[in-house]
Amino acid sequence: MTHYTLSANSNCDKLSGRVLALGSFDGFHIGHRAVIDAAVSLADELAAEPAVFCFDIPPACFAPGSDIKVLGDKEERKHLFSQRGIRSLFVAGFSELRGLDARDFITEILIKKCGAVGVVCGFNFAFGKNRAGTPVLLRDYFKDRVITLDPIYFGDQPVSSSRIRTAIKEGNVTLARQMLGRPYSVIQEVSSGRQDGR
């Protein structure tokens with residue numbers, strides 16, 4: 001697991017633990033932003049550091065026959081987190097943790113390694129071996145310091161990364177932009193071509 005510091009905190013000596021926003025955050029759409037904003041707010045209430053825990057690749061990519069294309073790269077995601085007030089980012093390899101018992105995931109990863117004192121997640125967040133961990137289990141450990149957000153709808157369906165992927169694949173960039181809350185973009189290194197345009 002890799003820990004990134006996204007922004008310095010002048011009051012770091014006064015903070016007690018971290019509030020973690022949990023999720024894949026692929027594409028960082030308007031539903032993801034709601035989770036991040038709630039984590040920043042809860043961290044402020046608890047005098048804790050707002051942070052994110054996510055996997056390097058969305059877990060859905062590991063499903064048999066999956067051909068999922070990731071919506072954004074690591075650097076873009078770090079930038080977007082930082083813009084919303086997140087100070088730390090924990091990125092874990094899904095293949096390394098997929099067999100971990102849900103309770104061990106909470107105690108060993110979220111609490112011991114990430115220093116979590118509170119967590120925020122979406123309504124359908126699941127974790128641990130066979131996705132056995134749920135927000136209900138998180139409450140066993142974090143009590144009233146768990147916030148679970150309901151889905152955010154656009155039209156008559158919840159906003160989701162898979163729905164955004166479909167919109168992009170079908171060429172409906174307007175719908176994708178509305179669910180992302182920003183224009184869809186691709187960040188790539190510019191390489192030299194044949195220089196025919198000189």
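How far apart are the end C-alpha atoms of α1, and what span should its 17 residues have at 1.5 Å a residue? The expected span is 24 Å, and the end C-alpha atoms are 24 Å apart, which agrees. The model is predicted. Its protein chain has 7 helices and 8 strands. Of the 198 residues, 40% count as buried.

**Overall contacts**

- Take the contacts in the protein chain between residues at least 6 apart in sequence. Of these, 77% join residues at least 24 apart.

**The sheet**

- Six strands make an open sheet: the sheet has 6 strands in the order β1-β4-β3-β2-β5-β6. The pairing is mixed.
- Strands of a sheet pair through backbone hydrogen bonds, and the pairing is either parallel or antiparallel.
- The edges belong to β1 (2-5) and β6 (146-149). Each has a single partner strand, so one side of each is left without a neighbour in the sheet.
- From one strand to the next, the twist averages 20°.

**Strand pairs**

- β1 and β4 (residues 88-92) run antiparallel and are joined by 4 bridges. Within this pair, H3 has F90 of β4 as its bridge partner.
- β2 pairs with β5 in the parallel sense, over 4 bridges. Here A21 stands opposite V120 in β5.
- β5 also joins β6 through 4 bridges, and these two strands run parallel. C121 stands opposite T148 in β6.
- Is β5 mostly covered or mostly open? Strand β5 (residues 116-122) is mostly covered, with 6 of its 7 residues buried.

**Helices α1 and α2**

- Which residues of α1 are buried? They are I30, G31, H32, R33, V35, I36, A38, A39, L42 and A43.
- A47 comes just after α1 and takes a positive phi of about 55°.
- Helix α2 lies across three strands: β1, β3 (49-55) and β4. α2 runs at about 155° to β3.

**Aromatic rings**

- A pair of aromatic rings is described by the distance of the centres and the angle of the planes.
- How many aromatic pairs does a search of the whole structure find? It finds 6.
- F28 and F81 form an edge-to-face pair. The centres are 5.4 Å apart, with 80° between the planes.
- This pair links distant parts of the chain, 53 residues apart. F28 sits in the loop between β2 (18-22) and α1 (30-46), while F81 is in helix α2 (residues 74-83).
- Both rings belong to buried residues: F28 has a relative accessible area of 2%, and F81 has a relative accessibility of 0%. Each value is under 20%, so each residue counts as buried.
- One aromatic cluster is formed by F53, F55, F105, F125 and F127.

**Cysteines**

- A disulfide is a covalent bond between the sulfur atoms of two cysteines.
- How many disulfides does the count come to? With a cut-off of 2.5 Å between cysteine sulfur atoms, the count comes to 0 disulfides.
- C54 is buried, at 0% relative accessibility.
- C121 also counts as buried, at 0% relative accessibility.

How values were computed. Residues numbered from 1 in each chain as written. Predicted model: local features only at pLDDT ≥ 70, side-chain atom pairs only at ≥ 80, totals over all residues. Heavy atoms only, no water. Phe/Tyr/Trp six-rings, centres within 6.5 Å; stacked < 30°, edge-to-face > 60°. Buried < 20%, exposed > 50% of the residue type's maximum accessible area, 1.4 Å probe, protein only. Expected span 1.5 Å × (residues − 1). Pairing = 2+ DSSP bridges. Axes fitted to C-alpha atoms, helices over the stretch in contact; angles between N-to-C directions. Contact = heavy atoms within 4.5 Å.
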